[in-house]
Amino acid sequence: MGAFVKVLQDDALFEPGTRTAGRLAKVQKQNLQADQTRPEVSRILKQVREDLMKHTVFRSFALPARVGRVMISRYTCGMHYGTHFDDAFIEGVRTDLSFTLFLSDPESYTGGELELTTPSGSQAIKLPAGCAIVYPSDHLHAVLPVTQGVRLTAVGWVQSRVKSSEKRQLLHELNHATQALENLDNSLEKPLTRLKFVHNNLLRMWSD
Ligand code: NI
């Protein structure tokens, strides 16, 4: 992540985040976004997409059909993004899941937590550089004000093969348990075949 952060120190790569915000969000969105027409930026975005698609836990959890827009956001002191929702479709991609990949070292800035409003209350999230959170796009969310330093993230949206979060979670659990059994004991061939048969048929039944 250090190499990305170094490239993204250049102020000239950034423009106001309100460019890609709807009318309502324009009031709440106070951040900067990297201009993706710049080759330095598009190289980073390409790398983020590739790394994401190679990540086995992400693939199992998100069941990605398409990765939509990915953007680099920068929040300097005083910037924030008030509680908002994301559009159902962004550039033609249905937003089933959102992700935030933290690029800055958490020690290098204060504030700037991603605040998620979930059915079990709100959660403030700040992860080490190189770690990402993937969450259902139907949650209200905010970025709390940065009070010191610079917060850099890559954010993006994913259309999943399985729209329902509940079904997606069950498929992920089943896949995870099957893999664990397979690694544990390869003499379990017959029951494993049955488990994978169930997993694949559920995936076939539940994908759009
Ligand atoms: Ni958002």
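Strands are DSSP runs of at least two residues in state E, numbered from the N terminus. With that convention in place, the tour may begin; the model on display is predicted.

**Stop 1: the largest pocket**

Select β15 (151-160). This strand gives the most to the lining of the largest pocket, namely 5 residues. The pocket itself has a volume of about 540 Å³. Its lining comprises 35 residues, and those closest to the centre are Tyr81, His84, Phe85, Asp86 and Trp157. Displaying these five as sticks is a convenient way to mark the site.

Next, colour the other elements that supply at least two lining residues each: α2 (23-28), β4 (64-75), β5 (80-84), β6 (89-90), β8 (97-102) and β13 (140-143). By residue class, the lining divides into 16 nonpolar, 12 polar and 7 charged residues.

**Stop 2: the nickel ion**

Which residues coordinate the nickel ion? Select His84, Asp86 and His141: the donors are NE2 of His84, OD of Asp86 and NE2 of His141, at 2.1 to 2.2 Å. Two of these residues, His84 and Asp86, were already selected at the previous stop, among the residues closest to the centre of the largest pocket.

Along the sequence, the donor residues follow the spacing H-x1-D-x54-H. The two histidines link distant parts of the chain, with His84 in strand β5 and His141 in strand β13, 57 residues apart.

Are these histidines buried or exposed? His84 has a relative accessible area of 5% and is therefore buried, and His141, at 4%, is buried as well; the cut-off for this class is under 20%.

**Stop 3: Thr100 in strand β8**

Move to Thr100, which lies in strand β8. Its relative accessibility is 4%, so Thr100 counts as buried. To see what surrounds this residue, select its contacts beyond four places in sequence: Leu114, Cys131, Ala132, Ile133, Tyr135, Arg151, Thr153, Ala154 and Val155.

**Stop 4: Phe58 and helix α4**

Ala132, just selected as a contact of Thr100, leads to the next residue. The C-alpha atom of Ala132 is separated by 9.7 Å from that of Phe58, although their positions lie 74 residues apart along the chain. Phe58 is placed in helix α4, and its relative accessibility of 5% makes it buried. Leaving aside residues up to four places away, Phe58 touches Leu52, Met53, Leu63, Pro64, Val134 and Val158.

From that list, select Leu63. This residue sits in the loop between α4 and β4. Although Leu63 is not a glycine, its phi is positive, at about 45°. With a relative accessible area of 11%, Leu63 is buried.

For a second backbone of this kind, select Glu91, in the loop between β6 and β7 (93-94). Glu91 is likewise not a glycine and has a positive phi of about 50°. Is Glu91 buried or exposed? At 58% relative accessibility, Glu91 counts as exposed, since that class begins over 50%.

**Stop 5: the second largest pocket**

Return to Leu63 and show the second largest pocket, which holds about 340 Å³ of space. Of its 14 lining residues, Thr56, Arg59, Ser60, Leu63 and Asn175 are the closest to the centre. The elements giving two or more residues to this lining are α4 (56-62), α5 (165-184) and α6 (189-206). The lining divides into 5 nonpolar, 7 polar and 2 charged residues.

Which domains contribute to this pocket? Colour the chain by domain: at least three lining residues come from each of domain 1 (2-160) and domain 2 (165-206).

**Stop 6: the two domains and Val198**

With the domain colouring retained, compare the C-alpha centres of domain 1 and domain 2, which lie 31 Å apart. The contact between them takes 9 residues from domain 1 and 6 residues from domain 2.

Finish in helix α6 by selecting Val198. Its relative accessibility is 41%, so Val198 counts as partly exposed. Then draw a distance from Val198 to Gln9: the two residues are 189 positions apart in sequence, and their C-alpha atoms are 49 Å apart in space.

Terms used. Residues numbered from 1 in each chain as written. Predicted model: local features only at pLDDT ≥ 70, side-chain atom pairs only at ≥ 80, totals over all residues. Heavy atoms only, no water. 1 Å grid on protein atoms, 1.4 Å probe; cavity = no way out; pocket = protein on both sides within 12 Å on 5 of 7 lines; lining within 4 Å. Points joined across faces, edges and corners; volume = space filled by probe spheres on them. Helix = DSSP H or I, 4+ residues; strand = E, 2+ residues; numbered from the N terminus. Nonpolar A, V, L, I, M, F, W, Y, C, P; charged D, E, K, R; others polar. Domains from an automatic or database assignment. Donors = N, O, S within 2.8 Å, 3.2 Å for Na, K, Ca; no water. Buried < 20%, exposed > 50% of the residue type's maximum accessible area, 1.4 Å probe, protein only. Contact = heavy atoms within 4.5 Å.
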